[in-house]
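Subject: Structure for your review

Dear colleague,

I am handing over the structure below, together with some notes on what came out of going through it. Please read the notes with the structure open beside you.

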Amino acid sequence: MELKKGFFWGNSSSSMQTEGAWDEGGKGKSVYDIREATENTSDWKVATDSYHRYPVDFDYMQELGMNFYRFQISWSRVNPQGDGEFNEEGIQFYSKFIDELLARGIEPMICLYHFDMPLHLAENDNGFVSRHVMEAFVDFGKEMIQRFSHKVKYWITFNEQNLYHMSGAFQGAGYLKGERTLKELYAIQHHIMMAHTRVANYLHETAPECKIGGMLAYMEIYPATCRPADVFATRKADEFINMNLLNCFVGNGYSNEVLAEMKNKAVGDIFLPGDLEEIAQLTSDFIAFSYYYSTTLNADRITPETPVCDYLDIGKQDNPYISTTEWNWQIDPLGFRNVMNQIYAKAKVPVFPVENGIGVQEKWDGKKTIQDEYRIVYHREHIQALKDAVYYDGVDIMGYLGWGLIDILSSQGDMRKRYGVVYVNRTNHDLKDLQRIPKKSFSWLKNVIATNGKEL
């Protein structure tokens, strides 16, 4: 079963997990630049130094046969204050970056936000809880479209946008002070939805040859048992965490169930006149999503007063029928297939998994190739699930992007958690030489791409 001609094979990453150069090229500070190292995490000042070394990384992508790379533009690199003057040196960095990709036959996809709020906007406005920050983001997005839409066809606004519908929303939204109220959480998610809507609508109006879609960290949630309470809580969590944004991305607006919850919790006054009508005009050319694991929900501790955003925090439990990683992320390729089916059935536009992978602690002895057979098994099973979704279920899938396939800092800044088929020689507290070294999985993935998924 070979995949369709033009199928995208590639890599995804974010700016703060790769670039480094936190104080170079006119960059302003982001909220990540002030985070200090801990016993098991690094600071973010160097990351994997891709600001200086990206041509080497691109050469490895080209050797693998990749034809697609999803990267992020750092908001504070191109606009140091977030709402001030644009930094031409930062913009020219990304222009050259894009040109280097295109010269290697690698299609670029721009992501505009991956949790790294400009520090000025976090300190002055408390991040996306402020409507001013939403408007500043729209200005940033429009400027990037004006600068790069002539050579970048594929776009996403917010990485894993539905994460702002859960309790962890505050950290990713640049929120630095306050009581983290339910009303503030709904304000954050609404302002981000408005920002996505305005940038997406602007791209469609001004660059109709380009494509943009929403992105989810799609949560495959199973009821812990067939008890009606578990099934009901699971369906409700799916509606709020997954389906609500899918509705918005394809022009159907917020879920009625979500709007009822907002009314009942007295947080529905965050909408301004015209907001809901504007969201109703939104369309998506594809739906992008990340997928790493599935989760299981037990309703025992959920009460009628529990906000749905807290369901997984208090009701999550391990699934005894599937294996787990050392980070307790449960490996579930069939869940990956389920997710692609559910998105396609709901959205009726092409589906694009843009993050998938397994994080494992690994060490290089300086000589021998890392024998990461576990990574080969993980990707083989998930690519097979993708092929099954295409051939047996009829899902239109654009491509398959692994996450951090050249090692990067984890989302928590932990270099021990490695996803790559290429090892980067550094630890949390020792930068060493930052050399790139292919692992065993590199050769395997190279053959998978060369055969367009036929040989796994």
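Which residue in strand 4 does Met109 stand opposite? Please keep in mind throughout that this is a predicted model. The residue is Tyr154, which faces Met109 from strand 4, and on the other side of the question, Met109 in strand 3 is also the bridge partner of Arg70.

**The parallel strands**

Strand 3 takes in residues 107–113 and is joined to strand 4, residues 154–158, by 4 bridges, the two running parallel. Strand 2 likewise pairs with strand 3 in the parallel sense, here over 5 bridges. Because 6 of the 7 residues of strand 3 are buried, this strand is largely enclosed by the rest of the structure.

Ile73 belongs to the loop that connects strand 2 (68–72) with helix 2 (75–78). Its relative accessible area is 0%, and Ile73 is therefore counted as buried. The C-alpha atom of Ile73 is separated by 7.3 Å from that of Tyr113, although the two residues are 40 residues apart along the chain.

**Helix 1**

Helix 1, residues 50–64, departs from a straight course: its end C-alpha atoms span only 18 Å, whereas a straight helix of 15 residues would span 21 Å at 1.5 Å a residue. The helix has a kink of about 30°, and the centre of that kink is Val56. Directly after helix 1 comes Gly65, which has a positive phi, near 90°.

The buried residues of this helix are Ser50, Tyr51, Tyr54, Asp57, Phe58, Tyr60, Met61 and Leu64. As general background to such a list, an α-helix has 3.6 residues a turn, so residues three or four places apart point the same way.

**Salt bridges**

The structure holds 27 salt bridges, and three of the pairs are described here one by one.

What does Asp57 pair with? Its partner is Arg436, and the closest N and O atoms of this salt bridge are 2.8 Å apart. Since Asp57 lies in helix 1 and Arg436 in strand 14 (residues 436–438), the pair ties together parts that are 379 residues apart in sequence. Both Asp57 and Arg436 are buried.

In the second pair, Lys151 forms a salt bridge with Asp99, with 3.0 Å between the closest N and O atoms. This pair also links distant parts of the chain, given that Lys151 sits in the loop between helix 5 (131–148) and strand 4, while Asp99 is in helix 3 (residues 88–103), 52 residues apart. Lys151 has a relative accessibility of 18% and so counts as buried, whereas Asp99, at 38%, counts as partly exposed.

The third pair is formed by Glu373 and Lys440, whose closest N and O atoms are 2.9 Å apart. Here the link is between helix 13 (residues 373–391), which holds Glu373, and helix 14 (residues 440–450), which holds Lys440, the two residues being 67 residues apart. Glu373 is partly exposed, with a relative accessible area of 33%, and Lys440 is partly exposed as well, with a relative accessible area of 34%.

Apart from these individual descriptions, a network of salt bridges links Glu362, Asp372, Arg375, Asp407, Arg418 and Lys439.

**An open sheet**

An open sheet of 3 strands, with mixed pairing, has the order 7-9-10. Its edge strands are strand 7 (220–223) and strand 10 (316–317), each of which pairs on one side only. Strand 9, residues 294–297, runs antiparallel to strand 10 and is joined to it by 2 bridges. As for individual residues in this pairing, Thr296 has Gln317 of strand 10 as its bridge partner.

**A nonpolar surface patch**

On the surface, Met1, Tyr391 and Tyr392 form a nonpolar patch, and together these residues have about 330 Å² of accessible area. Met1 is located in the segment before strand 1 (8–12). Why does Met1 count as partly exposed? The reason is its relative accessibility of 35%, because partly exposed covers the range between buried, under 20%, and exposed, over 50%.

With best regards

Methods. Residues are numbered from 1 along each chain as its sequence is written. This is a predicted model: local features need pLDDT of at least 70, side-chain atom pairs count only at pLDDT 80 or more; totals for chains, interfaces and linings use all residues. Side-chain values use heavy atoms; hydrogens and water are left out. Patches are made of residues with over 30% relative accessible area and no salt bridge: like charges are joined within 9 Å, nonpolar side chains (Val, Leu, Ile, Met, Phe, Trp, Tyr) within 5 Å. Accessible areas come from the Shrake-Rupley method with a 1.4 Å probe; for residues, only the protein chains shown count as cover. A salt bridge is a side-chain nitrogen of Lys or Arg within 4 Å of a carboxyl oxygen of Asp or Glu. Buried means under 20% relative accessible area, exposed over 50%, partly exposed in between (1.4 Å probe, protein chains only). The expected span of a helix is 1.5 Å times one less than its number of residues. The bend at a residue is the angle between axes fitted to the seven residues ending there and the seven starting there. Two strands pair if DSSP finds at least two bridges between them.
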